[in-house]
Amino acid sequence: MYSALDSLEDARKVFDKTRERTIFVWNAIFRALTLAGFGEEVLGLYRKMNRIGIPSDRFTYTYMLKACVASECLVSLLKKGKEIHAHILRHGFEANVHIMTTLVDMYARFGCVSEASFVFVEMPVRNVVSWSAMIACYAKNGKSFEALELFREMIVDIRDSFPNSVTMVSVLQACAALAALEHGKVIHAYILRRGLDSVLPVISALITMYSRCGKLELGQRIFDRMERRDVVSWNSLISSYGVHGFGKKAIQIFQEMIRQGVSPSLVTFVSVLGACSHAGLVEEGKRLFESMRKEHGIYPTVEHYACMVDLLGRANRLEEAAKIIDEMRIEPGAKVWGSLLGSCKIHCNVKLAERASSRLFELEPINAGNYVLLADIYAEAKMWDEVKRVRELLETRSLQKVPGRSWIEVKRKIHSFVSVDESNPQIEEIQSFLIKLSAEMKEKGYVPETKVVLYDLDDGEKERILLGHSEKIAVAFGLINSNKGETIRITKNLRLCEDCHSFTKFVSKFTNKEILVRDVNRLHHFQNGVCSCGDYW
């Protein structure tokens, strides 16, 4: 009761004064503390309970697993979660669907996709919540293709029940991440049939899905038809305009939200600051950042500082970005330093790149992307000895760069490509098509950006490497397999390189095709030789 009334101190007092503590009393305090975010305290009490020999029941294990992710997902708490997993197996609770589902969710929150998948596959019994937890795990950890595949399996497997609104939100997130418009439309139809179109999180996910698939007008239409809207709905629309590069429109929507009496959340400011960053609206972004605390009583988090560093860094105001980091009242963390390093790559600022990477190597010692970015900056500055040193660091630490991967949806089937992909049955046709297309476009003025290939090779070899980039393979596959007038939609897991950007602009004009490419930063809308980003990304 005290927990439900947000009086945790009174709940603690009752627990402390209870002499005969049954498992029900222990579970009650575990639940109260877990809901309040005191995960480490819960785990400390659990150790005491084990020492006095009180056996855990199914509720105890569920609370313990939730305690591991109740506050911040610390690596030390992942270790505790694995220990509890072992406890569960030793005491024969592996057949309990509620415990195992919570275990899947715990691993998912830590980004341990393979561990979550192993638990899910081994579950003797699964329910809708179990399937939803695993789909959400894939969707939130960059495995959107796997999320959609698992959803298909779920539809076949659970005959007596149906996916719920939580499931549909995760599936829509997966469609959005892959720009899989046709899949998204099918899911939308399913949502209408199941009567889930009145659930606010589902509608917000629909707005995001359509906008991420390039159909911003459909997302706007869904928003306009909503009878009631919460802050999440507004955030979805603000973010949608932001990712398309319509920063001023995103700010207008933010202001309209305030006028209608909806209080902004932390996510609202991440969305609107991100929109300013994509559109290069530096002064507007600075004013919004100032208004957070002064007008709305919201103190900036690491994510907001990362947005500001990104905003200033993209605009080549790197010294200002560095000053913001120096004046932060909280620990910058990897997100902030990563934003600075990414901006240093765009503008080839070696001095600040070295400072940012030095901190990142401490904070994320096994993140190969930071080493690769620094090596790229050194290479662009022609500092070849430093390039060699960083690459040796990668080798000695056995770190590998995340390979470029692109996805394209053709006739409701999602195809995945990696750079220099030899596995696709059409690869020879794609390669010869790309060579021919590139040669024809060169005659019309296309000049390959060979500087992005940071190896000491001749231009011919560099051009061959560039033609092997995953997004070019996806564009060629789309041109070969799509119908006339049909838009090509591609998703890329990394930032679009300068040559692929230039290449796709030429392709859109040369072939009279509308091409959408969503990279890790934003959506690029290529049409008639022009990109919606205005070459600012």
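Domain bounds here come from an automatic or database domain assignment. With that said, let's start. This is a predicted model. The chain is divided into domain 1, residues 1–125, domain 2, residues 303–401, and domain 3, residues 406–531. Between the centres of domain 1 and domain 3, taken over C-alpha atoms, there are 49 Å.

Now the annotations. UniProt, in an unreviewed entry, lists "repeat: PPR" at residues 22–56, 127–157, 230–264 and 265–300. Take two of these spans. Residues 230–264 are 74% helix and 0% strand, with end C-alpha atoms 10 Å apart. Residues 265–300 are 81% helix and 0% strand, and there the end C-alpha atoms lie 11 Å apart. The unreviewed entry also lists "domain: DYW" at residues 445–537. That span is 37% helix and 17% strand. Its end C-alpha atoms are 23 Å apart.

Next, the cores. The largest nonpolar core has 142 residues. Phe-30, Ile-84, Met-106 and Leu-340 have the most contacts inside it. Look at Phe-30. Beyond its neighbours within four places in sequence, Phe-30 is in contact with Val-42, Leu-45, Tyr-46, Met-49, Thr-60, Tyr-63 and Met-64. Apart from that core lies another, of 29 residues. Ile-473, Phe-477, Ile-490 and Trp-537 are among them.

On to the sheet. Six strands form it, and it is open. The order is E2-E1-E3-E4-E5-E6, with mixed pairing. Which strands stand at the edges? Strand E2, residues 413–418, and strand E6, residues 530–531. Each has a single partner strand, so one side of each is left without a neighbour in the sheet. Further in, E3 and strand E4, residues 515–518, run parallel and are joined by four bridges. One bridge pairs Ile-488 with Ile-515 in E4.

Last, one residue in E3. Lys-492 lies in that strand, which covers residues 488–492. Is Lys-492 buried or exposed? Its relative accessible area is 8%, and buried means under 20%, so Lys-492 is buried. What does its side chain meet? A polar contact of 2.9 Å joins the side chains of Lys-492 and Glu-471. Setting aside neighbours within four places in sequence, Lys-492 is in contact with Gly-404, Arg-405, Ser-406, Ser-470, Glu-471, Arg-518, Asp-519 and Val-520. Ser-416 is 76 residues from Lys-492 along the chain, and their C-alpha atoms are separated by 9.9 Å.

That's the tour. Thanks.

Key. Residues numbered from 1 in each chain as written. Predicted model: local features only at pLDDT ≥ 70, side-chain atom pairs only at ≥ 80, totals over all residues. Heavy atoms only, no water. Helix = DSSP H or I, 4+ residues; strand = E, 2+ residues; numbered from the N terminus. Buried < 20%, exposed > 50% of the residue type's maximum accessible area, 1.4 Å probe, protein only. Contact = heavy atoms within 4.5 Å. Polar contact = N/O pair within 3.5 Å; in protein donor to acceptor, adjacent residues only side chain to side chain. UniProt positions renumbered as here; feature names shortened; annotations may be inferred. Core = buried A, V, L, I, M, F, W, Y, C linked by side-chain atoms within 4.5 Å. Pairing = 2+ DSSP bridges.
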